[in-house]
Structures are given as C-alpha cells and as structure tokens.
Amino acid sequence: MMMTLDRASLRYGPILGLSPTTFELPDGGGITGLLGPNGAGKSSLLQLLSGLLPPSGGEVKVFGEAPFRNPAVLSRLGLVPEGDRLPTGLRADRWLRMMGELSGLSGEGLKAAVARSLDIVGMSDRAHLTFARMSKGMRQRIRLAQALLHEPELLILDEPFNGLDPEARLTLMALLRDLAARGTRILVSSHILGEIAQLTDRILLLFRGRLLAEGTVTEIRQLLDRHPVELRLTGEAQVLARWAVEQPELAALRMEEDAVVLSVRSPRDILPRLQKAAAEG
C-alpha cells in the first residue's frame, strides 16, 4: 500500500483535530478526493500524511514508513499546501530554482527540473513574471510546478481550487488528471462535492475530525441523501414553515426567534423547490 493509517489521531493541545482514523490507499496512479466542510479535519489528515506533524496516537505509514522527519519518504512526495503566501516581488522561475536547491537539486539537474515542471503546468513562457503580476490561477500552477520539481510519486494538495475563477479551476483539474494518467497518485482535498466529483470517483468523507465514509461519488451522494441535513432559513419564518410541512422530505422542524430550522432528507430534491418557492414569494 502507498499509504496506511491505523487509528491515527492528531491533537492540538486539548483540541482533537482528527479522531482515530483508519484507511488505505493502494499503489499506482489515480486521484482520491478528501471531502468535508471547513474544520472537518482535512488539513490535519494531510499534515500527518505529508510528514509535517507526527500522529498523537496510532500509526501513519507512507511508502511503508512513518513520514515524519523521514527524508526517504519526503523525497517521494510533493505537497501543495492551502493558501497563497508567495514573495510578491520575486520572479517565479527564480523562486522555483531556490526551492529546487532546498530540495537538493543543483546544476543541470536543477535547470532541467525547473524547465520540465514549468512545461507540465503550462507556465514556461510566463515564469519570468513576478508573483505580483500573476493571477491566482497562474500562481497556483507555479506552486504545483514547485511540488513536481523532484518528480514525486505521491502528490498532496490542500484545497487547491479555493479562490480560483472557473477557467483556472478547469485548467488545474486538467493538469491533475494528466498527472494521474502518467502514474502519479494524487490526494486532493475540497469542501465542495462538485469539485471532487469532476476529478475522481473515489472519495473519503470527513466531518468533525472523523472519517465518516469511503466510496464512489454515487455512494457518497446516496449516503448524504439518506441522512437528514439541517437548513436554517431566515426571513418570513411562518410562511417558510407552512411551505415546509407540506414537503415529503421534511424530517423535523423547529422555530427560532427569527428563523425556521428544517431537517430534511434528500436535500438535492428539496433545494430546487425551495429556491423556486422563495423566488415566487
């Protein structure tokens, strides 16, 4: 197995960031999506897998070894962390060379690695620009190029689509699919099911630090539909409540001071009708 977690957990002092979690990812290429709302524990899990933090309990193995402070593992994986913190006045190609040197590359090997990575992400003709002159989509592709400098077998991306416009999002998705087709194993996190569904059919679902489910997009959608989802609606609470009690998906309803809270099954079925009813007043 390329990676295994056996009841691995992570604590930040008294706060539990990730409950004991167990799963495996096989060798070989392909994309696995890590899905969950903000605060679900996605970043905590990725920090364990990328060797940034040791587990508070249980065991984490990547390529058969513990990744924390392990150069034998870290040299085989690439990481694109969440965020967009780059030196705005620095040229992208010079930043890539600097990061390559920190990874142990030098000379002609470094030059070839930078050229290859820029070519993969389609930024060869714009690498001379400073980060201040780049769009967020361009900066994200340069960050991906940096993670690819040493030709990793495993690529980990934490919320890589945040803040991207639709065109940049589609471009990045195409790059990831191409890398997976070449044999790179990719683990990518997102809080939006639609993004993950466009990339892969294998999903890990996290919620409040717990791994709730693992399966295909269809299986995850069916799981979400079977379990009631709470919707808090503000505005004309009494009118909304009268409309809601007539809907077959309603599981429970409670009134608050300025809102109505609905517990509904099959949210994909009821939400379009709710939007239509709201638009019609």
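The following paragraphs describe the overall architecture, the charged and aromatic side-chain pairs, and selected local environments of a predicted model.

Residues are numbered from 1 along each chain as its sequence is written, and side-chain values use heavy atoms, with hydrogens and water left out. Because the model is predicted, local features need pLDDT of at least 70 and side-chain atom pairs count only at pLDDT 80 or more, whereas totals for chains, interfaces and linings use all residues.

The protein chain is divided into domain 1 (3–224) and domain 2 (228–280), the bounds coming from an automatic or database domain assignment, and the C-alpha centres of domain 1 and domain 2 lie 37 Å apart. Along its principal axes, the C-alpha trace of the protein chain spans about 70 × 45 × 35 Å. Ten helices and twelve strands are present in the protein chain, where helices (H or I, at least four residues) and strands (E, at least two) are DSSP runs numbered from the N terminus. Of the 281 residues in the protein chain, 46% are buried; here buried denotes under 20% relative accessible area, exposed over 50%, and partly exposed in between, with a 1.4 Å probe and protein chains only. The protein chain exposes about 14200 Å², of which carbon and sulfur atoms supply 51%, the areas being obtained by the Shrake-Rupley method with a 1.4 Å probe and, for residues, with only the protein chains shown counting as cover. Among the contacts in the protein chain with a separation of 6 or more, 65% are accounted for by residues 24 or more positions apart, a contact being defined by heavy atoms within 4.5 Å.

A search of the whole structure finds twelve salt bridges, each defined as a side-chain nitrogen of Lys or Arg within 4 Å of a carboxyl oxygen of Asp or Glu. One of these joins the side chains of K42 and E159, with an N to O distance of 3.5 Å. This pair links distant parts of the chain, since K42 belongs to helix α1 (residues 42–49) and E159 to the loop between β6 (154–157) and α6 (166–181), 117 residues apart. Both K42 and E159 are buried. Helix α1 is itself largely enclosed by the rest of the structure, because six of its eight residues are buried; these buried residues are K42, S44, L45, L46, L48 and L49. Just after α1, G51 adopts a positive phi of about 80°.

A salt bridge also connects the side chains of E195 and R169, at 3.2 Å from N to O. Here, too, distant parts of the chain are linked, with E195 in helix α7 (residues 193–199) and R169 in helix α6, 26 residues apart. E195 is buried, at a relative accessible area of 6%, while R169 has 21% relative accessibility and therefore counts as partly exposed. In the salt bridge between E214 and R202, the closest N and O atoms are 2.6 Å apart. E214 lies in strand β9 (residues 210–215) and R202 in the loop between α7 and β8 (203–207), so this pair ties together parts that are twelve residues apart in sequence. Both partners are partly exposed, E214 with a relative accessible area of 41% and R202 with one of 27%. In addition, R232, R254 and E256 are joined into one network by salt bridges that share partners.

The structure holds one aromatic pair. The ring centres of W95 and F131 are 5.5 Å apart and the ring planes stand at 85°, so the pair is edge-to-face; rings of Phe, Tyr and Trp (its six-membered ring) pair if their centres lie within 6.5 Å, with planes under 30 degrees apart counting as stacked, over 60 as edge-to-face and the rest as tilted. Because W95 lies in helix α3 (residues 92–102) and F131 in the loop between α4 (107–120) and α5 (136–148), the pair ties together parts that are 36 residues apart in sequence. W95 and F131 are both buried. Elsewhere, the charged end of R76 sits over the ring of F63, 3.9 Å from its centre, the criterion being NZ of Lys or CZ of Arg within 6 Å of the ring centre and within 35 degrees of the ring normal.

A further local environment is that of A252, found in strand β11 (residues 250–255). A252 is partly exposed, with a relative accessible area of 39%. When residues up to four places away in sequence are not counted, A252 touches V261, L262 and S263. The C-alpha atoms of A252 and E230 are 9.0 Å apart in space, and these two residues are 22 residues apart in sequence.
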